[in-house]
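Q: Please take a close look at one helix for me, and then place that part among the other features of the chain. Which residues there are covered, and what else should I look at alongside them?

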Amino acid sequence: MAHANEKEIDTKTEEEKAIDAWLPITSDRNAKWWYSTFHNVTAMVGAGVLSLPYAMSEMGWGPGVTVMLMSWAITFYTIWQMVEMHEMVPGKRFDRYHELGQHAFGEKLGLWVVVPQQIVVDVSSCIIYMVTGGKSLKKFHETICPDCQPIKLTYFIIIFSSVHFVLSHLPNFNSISFVSLAAAVMSLTYSTIAWAASVGRGVEGREVNYELRSENTTDNVFMFLSALGDVAFAYAGHNVVLEIQATIPSTPENPSKGPMWKGVWVAYIIVAVCYLPVAFIGYWAFGNLVEDNILLSLEKPMWLVAAANMFVVVHVIGSYQVFAMPMFDMIETYAVKNMKLKPSTFLRFTVRTTYVAFTLFVGMTIPFFGGLMGFFGGFALAPTSYYLPCIIWLIIVKPKRFGFSWCMNWFCIIIGVLLTVLSPIGGLWTLIKQAKNYHFYQ
């Protein structure tokens, strides 16, 4: 298979090279393999892991375990495809998801296939992380000061957003590596706290009910569909894979896929260590009474619950930045290449401040954590992680019909399309139900 050599890419004008040197995705290609590990962990493990016990309670043991393990295997396969396709064309690197889409579907169609989905994924993820950060701060405050005057969730979301008005001005992926590293460590830490504390609650000998959450069949069907969206959200981090790989140096002798794949292997082991114990032990401990955020079900020890919620805050700070960086790159690229604006600090400041303010506003307006994940998980994240890489692989690689690769890709496509079609229905149902029960003075 041919590999790209950055020295071979000499068809760009000096102006184009200067723009690439300014844009966040292509400005720094000196990342180490472990950068890809904690960037991928930060992108994938986040708000999703906290909802997995709740998703299990909506599916039950058999379907829940099956969906969890199948999703891990499918997304592990599709992320391998993404890493392989980054340098499939000699002398070229597909630094962005839409560039790979354009190669597969054509210049115009590729943009329309990939860019709208990528925008929805990145923006919705940032909004959800904004809400998650605010909720975790609120839970932290209530835990350490149960007698204090209650403060509205919207104020905590504003407090959480304040750090992003600063961090969002770091120029590129490598410059947020320290944030991403801290976030990855925090994800492993609070996931461990979540399942370990759940074990403590489980061994207390309380009677736990593992029946589905509702006696109404229609409600159970919608909740099952919503749970599929929650799982899809949890396993969907492929939207930033090519952008992360773009930061790794590459030559024909040492292509970037080597260190990238090494980092992905470690990342997916960490994902399994975080996800599976939290999902299975959390459901085992609380049954169908588990909250849509497992930390909300844990009431004691108070210091441990408070610490876990602060760890979540640190992690979703990193997750927000990882998902925001491709959006910054996309908007800044459009501004300098299409609108012909001059690359400048003022332009970058304006773009990024406006983006953070927009996600803050939407997060404050729709703070319904569980419903948001179920809807966006199926509607937006499933296509980019479960089956779009398979479609592109079939177009570019053209595996033998009815061979293993061909069958594997079509299996993933069918599963992914079912997720995309069915889970938003349940997510929307959950969102509407939560909106009716939500009190904005909280």
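A: A residue is called buried here when its relative accessible area is under 20%, exposed when that value is over 50%, and partly exposed in between. The model is predicted, and with that in mind the place to begin is helix H5, which spans residues 97-105 and is mostly covered, with 7 of its 9 residues buried. The buried residues of H5 are Tyr97, His98, Glu99, Leu100, Gly101, Gln102 and Ala104. Directly after H5 comes Gly106, whose phi is positive, near 110°.

Positive phi values also occur outside glycine in this model. Most residues other than glycine have a negative phi, whereas Lys340 has a positive one, near 60°, and Lys398 likewise has a positive phi, near 55°. Lys340 lies in the loop that joins helix H13 (302-338) to helix H14 (345-365), while Lys398 lies in the loop between helix H15 (369-396) and helix H16 (404-437). Lys340 counts as exposed because its relative accessibility is 67%, and Lys398 is exposed too, because its relative accessible area is 62%.

Turning from the loops to the interior, the largest nonpolar core has 116 residues, and Met68, Val231, Tyr275 and Tyr386 have the most contacts inside it. Helix H11 (residues 257-286) supplies the largest share of this core, with 15 residues. A second core, separate from that one, has 7 residues, among them Leu23, Ala335, Val336 and Leu347. As a general tendency in soluble globular proteins, nonpolar side chains are buried together.

The cysteines complete the picture. The structure holds 1 disulfide, formed by Cys145 and Cys148, whose sulfur atoms are 1.4 Å apart. This link between Cys145 and Cys148 is right-handed, with 65° about the S-S bond. Cys145 is partly exposed, as its relative accessible area is 22%, and Cys148 is also partly exposed, at 32%. Elsewhere, Cys274 is buried, with a relative accessible area of 0%, and Cys390 counts as buried because its relative accessibility is 0%. The closest cysteine sulfur to that of Cys390 belongs to Cys412 and is 4.2 Å away, which is too far for a bond, because a disulfide needs the two sulfur atoms to be within 2.5 Å.

Key: Residues numbered from 1 in each chain as written. Predicted model: local features only at pLDDT ≥ 70, side-chain atom pairs only at ≥ 80, totals over all residues. Heavy atoms only, no water. Buried < 20%, exposed > 50% of the residue type's maximum accessible area, 1.4 Å probe, protein only. Helix = DSSP H or I, 4+ residues; strand = E, 2+ residues; numbered from the N terminus. Core = buried A, V, L, I, M, F, W, Y, C linked by side-chain atoms within 4.5 Å.
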